[in-house]
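Me: I would like a close look at one part of this model, with the rest of the chain brought in where it touches that part. Please keep it plain.

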Amino acid sequence: AGAEKPAPESYWFCRAGFAAAAIKKQTDQWREAMKIYQRLIDANVSCSQEAQEQTRLIADSKLVPVLGQ
């Protein structure tokens, strides 16, 4: 996609986002983790699809409604 961030910037944004979400998941803050993943999805970066899958996994396993639905 033309609007995607440059690769190095996208890489670190993804790493930081996934690290932050992992911390939230470890402390059972599922909704907060989903908000972080949603920011990654909205940013249209290389990890957006993986973030979408993580959001779906949380919604399915923890019964947390997906944001916006």
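In which helix do Lys35 and Glu32 lie, and how many residues apart are they? Please start there and work outward.

Reply: Both residues lie in helix H2, where Lys35 and Glu32 are 3 residues apart, about one turn of the helix. The model is a predicted one, and what follows is computed from it.

Lys35 and Glu32 form a salt bridge in which the closest N and O atoms are 3.4 Å apart. That pair is within the 4 Å cut-off used for a salt bridge. A search of the whole structure finds 1 salt bridge. The general background is that side chains of opposite charge can pair when their charged atoms come close. The spacing also fits a general rule: an α-helix has 3.6 residues a turn, so residues three or four places apart point the same way. As for exposure, Lys35 has a relative accessibility of 39% and therefore counts as partly exposed. Glu32, at 33%, is partly exposed as well. Both values fall between the limits of 20% for buried and 50% for exposed.

Next, the helix that holds this pair. H2 covers residues 30-42, and at 1.5 Å a residue its 13 residues should span 18 Å; the C-alpha atoms at its ends are 18 Å apart, which agrees. Its buried residues are Trp30, Ala33, Met34, Ile36, Tyr37, Leu40 and Ile41. Viewed down the axis of H2, these buried residues fall within an arc of 160°, so they line one face of the helix. The face turned away from that buried side carries the exposed residues Arg39 and Asp42. Just after H2, Asn44 has a positive phi of about 55°.

Arg31 is also in H2. Its relative accessible area is 42%, so Arg31 is partly exposed. With neighbours within four places in sequence set aside, Arg31 is in contact with Val64 and Pro65. The C-alpha atoms of Arg31 and Lys62 are separated by 9.6 Å, although the two residues are 31 residues apart along the chain.

The buried side of H2 leads to the other helices. Its buried residues pack against helix H1 (7-26) and helix H3 (48-62). The chain has 3 helices and 0 strands, and from the N terminus on its elements run α-α-α.

H3 can be treated in the same manner. At 1.5 Å a residue, the 15 residues of H3 should span 21 Å, and its end C-alpha atoms are 21 Å apart, which agrees. The buried residues of H3 are Ser48, Ala51, Gln54, Thr55, Ile58 and Ala59. They cover an arc of only 135° around the axis, which puts them on the same side of H3. Gln49, Leu57, Asp60 and Ser61 are exposed on the other side of H3. The buried residues of H3 pack against H1 and H2. After H3 comes Leu63, whose phi is positive, near 60°.

What the helices share is a nonpolar core. The largest such core has 16 residues, and those with the most contacts inside it are Phe18, Tyr37, Leu40, Cys47, Ala51 and Ile58. H1, H2 and H3 are the elements that give two or more residues to this core. H2 supplies the largest share, 7 residues. In general terms, nonpolar side chains tend to be buried together in soluble globular proteins. Cys47 is one of the residues with the most contacts inside the core. Apart from neighbours within four places in sequence, Cys47 is in contact with Cys14, Phe18 and Leu40.

A polar pair can be set beside this. Ser10, found in helix H1, has a relative accessibility of 1% and therefore counts as buried. The side chain of Ser10 makes a polar contact of 3.1 Å with the side chain of Ser46.

Two totals cover the whole chain. Of its 69 residues, 30% count as buried. Among contacts with a separation of 6 or more, 58% are between residues 24 or more positions apart.

Technical notes
Residues are numbered from 1 along each chain as its sequence is written. This is a predicted model: local features need pLDDT of at least 70, side-chain atom pairs count only at pLDDT 80 or more; totals for chains, interfaces and linings use all residues. Side-chain values use heavy atoms; hydrogens and water are left out. Helices (H or I, at least four residues) and strands (E, at least two) are DSSP runs, numbered from the N terminus. The expected span of a helix is 1.5 Å times one less than its number of residues. Buried means under 20% relative accessible area, exposed over 50%, partly exposed in between (1.4 Å probe, protein chains only). The arc is that of the directions from the helix axis to the C-beta atoms. Contact means heavy atoms within 4.5 Å. A salt bridge is a side-chain nitrogen of Lys or Arg within 4 Å of a carboxyl oxygen of Asp or Glu. A polar contact is a pair of N or O atoms within 3.5 Å; within protein, one must be able to donate a hydrogen and the other to accept it, and residues adjacent in sequence count only if both atoms are side-chain atoms. A nonpolar core is a set of buried Ala, Val, Leu, Ile, Met, Phe, Trp, Tyr and Cys residues joined through side-chain atoms within 4.5 Å.
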